[in-house]
Every structure is written in C-alpha cells, then in structure tokens.
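Reader: I have a new model open and want to go through it piece by piece. Start with how you name things.

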Amino acid sequence: MADIAKKWSKYREVYKRYIRTEKRLSENTVDAYMRDFDDFMHYVLRTFTAAPEDVTPEIISKYMAWLYGEKGLSGKSQARKLSGIKSFYNCLLINEKIDQLPTDSVETPRQERTLPDVLTVAEIDALISTFDMTTVKGCRDNAIVEVLYSTGLRVSELITLRINDLFFGEGYIRVIGKGDKQRIVPVGSVARDKIQLYMELRRPKRPSEATLFLNNRGEPLTRVMVFTIIKQAAMLAGIDKSISPHTLRHSYATHLLEGGANIRQVQELLGHESISTTEVYTHVNRKHLRSVVEDSFADLNL
C-alpha cells in the first residue's frame, strides 16, 4: 500500500508539471485540476488499492457512478472530473508509463445545458449608475463594470490587465486569456474615458506598478473583490438576478448577437477555443427574443 501511494504521489508531481509547463494552464486551472486529481487518487487508493498504471476502465466507471450516487454531482461536474482523469492518463501515455488509455471506453456523463442569466441594457445602466464618481473607488468600480460589459473579459483577464495592454490610440486592448493566449479586443470611447478618469486618480504604492486595477493598498484586485463589487452594485440597483462578473460577459455576448454580430465574431472576441462554447449564446438570444414577442402579445391583450 505504501509503495502504491508513493507512486501516485510521484505521478502527481509529473502530472502537475505537465499541465503547468506543457499545457500552459493558468494557476487557478492547475489548482482545480489537482483538486480533482486528488479526489480520484484518494478514491482509487481507498477502494481498490491500485497503482495509477493498473487503473482499468471499470474502476473509472465506478468512480463516475460514485460521484453521481454518493456525491450527487451534476453531469457537468462529473464531465469536468473525467476530463481531468483523461488529461492525467494522456500525460502518462506521453511519458511512456502506460501503453493504452483506460479512459477511451468510459462514457462522458450527459450534461444539462443551462442558460446563463443575462442583464438587459436598462439593468446594465442601472448597475453602472450605482457608483459614487466623487471617489477613487467609485471611479475604479465604474470603470471595471464598463470594461467587463463592453469587452466581455473574463474576471481573471480583467484583474491581470496591465497599463501597457491599453492601446487607446488604436481603439483596442490586448488581453492574455486562458493558456496565455493573446487576443485583441476593441474598446469603446465610453470605457476608454472611464479608464482614463480612474488612471488620473489612481495612486499606486509603487510608481512602476503595471497592473491597471488596484485596491486601496495599491495591490492588484482579486477575483473575490471584483465579485463583491458586482454583487453590491446589483443590490443597490435592485437587480433580482443571480449575478456575477461572468454575467456581464454573458450579457455582452448576447447583446452582440442581438445587434447582428455572427457567432464566429463573438467566438473570437470572447477568446473561446471551441465554437460549441459560444453556441450557448444563440440559445440565450432566442430565449430573450421569444420573451420580448410574448410580452408584446400580452400588451395587445391577444
């Protein structure tokens, strides 16, 4: 048992190095993958006492069934964990620790596609109007919401945005997305003006501070801080929806489609690797338009 556990620990480090250096995943993604790996490792050690290279498709299938039956995980969460297991065994295959993948015959759990909440333009305006523009914090938070909505940035992309990523003369910002992939995103005059106003008031502790959005100690914001900013603004605006920074990204994509943008354009702007990820917004768009039509018929008392 001790030797098997040591082998799991050894391969764990190999896998972590692989997803960090070879796959070039972000630290947040690496942490998530390693948590999922640890869950799988502990299950196998506890239930089967099997070494990594001795894991069979049957063991993985039983783990997936355990996730559903005992842990009550959704199909989406199960699929994410299976994706991590596949990644781990791909790593072992590449490093010639195994001859074949035990994951090939394991069926991916069915996922229910849920439609994200989307804010209307009026709700976006209400959200933006909640900030006190006489304070540095208010100007910063106002700029943050404007940037999230008008560019569709992920919150991780926003908090790592640097001053030298701003190309206002050319009308765009440079974004470093998942896997350190770079993309160019147009930025409108309203967002540019709000960023400029914040930069005039901004007081970094270190004059050379490169990160754009800072807290009151002159340090980069965290994801939790941005989440709190959005939640508090939604409460002040009286918006009764499940809202997060990602809601603004959803709203940006949906409003682009409603404005006539095609799905390939939206995919590029959002930095989605797969078009299937972007396609969820076509469902959101249809749902929104259907509700508008239904409301119109209701107003006519038909």
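Author: Helices (H or I, at least four residues) and strands (E, at least two) are DSSP runs, numbered from the N terminus. This is a predicted model, so local features need pLDDT of at least 70 and side-chain atom pairs count only at pLDDT 80 or more, while totals for chains, interfaces and linings use all residues. Residues are numbered from 1 along each chain as its sequence is written, and side-chain values use heavy atoms, with hydrogens and water left out.

Reader: OK. What does E96 do just after helix 4?

Author: E96 takes a positive phi of about 60° there.

Reader: Which non-glycine residues elsewhere have a positive phi?

Author: R24 is one, at about 55°, and T49 is another, at about 50°. R24 sits in the loop between helix 1 and helix 2, T49 in the loop between helix 2 and helix 3 (57-69).

Reader: Where do those two fall on the buried-to-exposed scale?

Author: Buried means under 20% relative accessible area, exposed over 50%, and partly exposed in between, with a 1.4 Å probe and protein chains only. R24 has 46%, so R24 is partly exposed. T49 has 36%, so T49 is partly exposed too.

Reader: Back to helix 4. What span should its 20 residues have?

Author: The expected span of a helix is 1.5 Å times one less than its number of residues. For helix 4 that gives 28 Å, and the end C-alpha atoms are 28 Å apart, which agrees.

Reader: And which residues of helix 4 are buried?

Author: Among them are G75, Q78, L82, G84, F88 and L92. The buried residues of helix 4 pack against helix 1, helix 2 and helix 3, where contact means heavy atoms within 4.5 Å.

Reader: How many aromatic pairs are there in the whole structure?

Author: A search finds 14. Rings of Phe, Tyr and Trp (its six-membered ring) pair if their centres lie within 6.5 Å; planes under 30 degrees apart count as stacked, over 60 as edge-to-face and the rest as tilted. Y15 and F37 make a tilted pair, 5.7 Å centre to centre with 40° between the planes. Y15 is in helix 1 (residues 2-22) and F37 in helix 2 (residues 27-47), so this pair ties together parts 22 residues apart in sequence.

Reader: Are Y15 and F37 buried or exposed?

Author: Both are buried. F37 also pairs with F88: the ring centres are 4.8 Å apart and the planes are at 65°, so that pair is edge-to-face. F88 belongs to helix 4 (residues 75-94) and F37 to helix 2, so the link covers 51 residues in sequence. Y15, F37 and F88 are members of one aromatic cluster, which also includes W8, F40 and W66.

Reader: What is R12 in helix 1 in contact with?

Author: Leaving aside neighbours within four places in sequence, R12 is in contact with M34, F37 and D38. The side chains of R12 and D38 are joined by a polar contact of 2.7 Å. A polar contact is a pair of N or O atoms within 3.5 Å; within protein, one must be able to donate a hydrogen and the other to accept it, and residues adjacent in sequence count only if both atoms are side-chain atoms. R12 has a relative accessible area of 18%, so R12 is buried.

Reader: Different topic. How many residues does the largest nonpolar core have?

Author: That core has 37 residues, and L127, F213, V226 and L248 have the most contacts inside it. A nonpolar core is a set of buried Ala, Val, Leu, Ile, Met, Phe, Trp, Tyr and Cys residues joined through side-chain atoms within 4.5 Å. The largest share of the core, 6 residues, comes from helix 6. Apart from it lies another core, of 30 residues, including Y15, Y43, L45 and V55.

Reader: Now the sheet. In what order do the strands run?

Author: The 3 strands form an open sheet in the order 1-2-3, with antiparallel pairing. Two strands pair if DSSP finds at least two bridges between them. Strand 1 (166-167) and strand 3 are the edge strands, each pairing on one side only. Strand 2 (residues 172-176) and strand 3 are joined by 5 bridges. R174 has I184 as its bridge partner in strand 3, and I176 stands opposite Q182.

Reader: Which residues of strand 3 are on its covered face?

Author: R183 and V185 are on the covered face, and Q182, I184 and P186 on the uncovered one. In a regular strand the side chains alternate between the two faces of the sheet.
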